[in-house]
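Me: I'd like to go through this model with you and check each term against its cut-off. Shall we start at the ligand?

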Amino acid sequence: MQQHSWRPVPPSAVGITLEQHIAQQMAMSPGATGHFTALLYQIMLAAKLVDARVRQAGLADVLGVTGDTNVQGERVQKLDVVANEIFCTMLKRGMRTCAIASEELDHAIVLDGGGRYAVAMDPLDGSSNIDCNVTIGTIFGVWRRRSESMERGHEGDLLQPGTALRAAGYIAYGSSTMFVYSTGPRFGVHGFTLDPHIGEFFLSHEDIRVPKRGNTYSVNEGNSSKWEPSMRRWVEHLKQEDSATQRPYGARYVGSLVADAHRTLVKGGIFAYPADTKSPKGKLRLQYEANPMAFIFEAAGGRAITGRAAAPGASNRVLEVVPESLHDRTPLVLGSPDDVDTFERLLVESGA
Ligand code: P6P
């Protein structure tokens, strides 16, 4: 029987909701004021509202594109706009946020009202998959504001490294809707599945731990001609027959970060979106894709690096990258610790 990388929730405990779990985490946090808890509730409410729209997408007139493009130069799907509006509205109304960064917004939203937290998000990642019913998702990161607590927020509140994250998570709108979040390694990573009949997220994956090693790799091999040679050598290594190291690995690539990351989180293996000649800084965005996922993976015992071998005395952890602007991009390699170790070893051996 497959060994799960999380504790299956016994039927007697299936009633633990996301709200109750968040409240329990608050109770374990000395000095907690309830502001952080209230913020997470707003994110959860927004997730439920977006889920309802995603489920209607095939029916309501939200398919197709608006004809606009976002700051990334990508075609904006109508659901992108809807999801962004919902999350921004819920965060503003919740009065706990001082600054918001979104993939859909060129500039940060800065707010009065003394909110204590800054939120960076991709409101609907993988949106190019909307029209073919592939899993898409919301990705978010939460930082404590750096500016004085009663002033208006500042863009600088959003330009903190991942090591300063207070919480991060994602919502996967797939065959079921899952809310996965962590408030740090001390509290672990936990997954909640939405019961659409009553609109509650119930604990379904308690204390998710990334398997030490997996048997799949997830990378867009269509880009291989643009990769550094070391990347091609790494993929060829995984494809070789070697029963002692459970090779060849299986190839799994959805093209939707939340789908690829979630599978890697619960089943193990490795995901990579490296820099290449087309995207010399990588394609994925640091603040609202790579950092939240890196936070989750490290909290679950995995690794998340920039895809470059660490120079002596330096770090290649994604969480330690210092952001320069809201929409910075970064290469990203994350997954099972042994698989990321192998990636790094091959990188060093190839002299990259
Ligand atoms: P490619 C989706 O557009 C996204 O931002 C991530 O969700 C996904 O991992 C990546 O881009 C896929 O990019 O170039 O393989 O289509």
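Me: What makes the pair formed by Glu289 and the ligand a polar contact?
Reply: A polar side-chain atom of Glu289 lies 3.4 Å from an oxygen atom of the ligand. A polar contact is a pair of N or O atoms within 3.5 Å, so this pair qualifies. This is a predicted model, where local features need pLDDT of at least 70, side-chain atom pairs count only at pLDDT 80 or more, and totals for chains, interfaces and linings use all residues. Residues are numbered from 1 along each chain as its sequence is written, and side-chain values use heavy atoms, leaving out hydrogens and water.

Me: Which distances put Asp125 and Lys283 in polar contact with the ligand?
Reply: For Asp125, a side-chain N or O atom is 2.5 Å from a ligand oxygen; for Lys283, a polar side-chain atom is 2.9 Å from one. The protein covers 84% of the 400 Å² of accessible area (Shrake-Rupley method, 1.4 Å probe) that the ligand has on its own.

Me: Why are strand 14 and strand 16 called paired?
Reply: Pairing takes at least two DSSP bridges. Strand 14 (residues 270-273) and strand 16 (residues 332-335) have 4, in the antiparallel sense, so they pair. Ile270 has Gly335 as its bridge partner in strand 16.

Me: What makes strand 13 and strand 15 edge strands?
Reply: The open sheet of 5 strands (DSSP E runs of at least two residues) has the order 13-12-14-16-15, with mixed pairing. Strand 13 (250-251) and strand 15 (303-305) each have a single partner strand, so one side of each is left without a neighbour in the sheet.

How values were computed. Polar contact = N/O pair within 3.5 Å; in protein donor to acceptor, adjacent residues only side chain to side chain.
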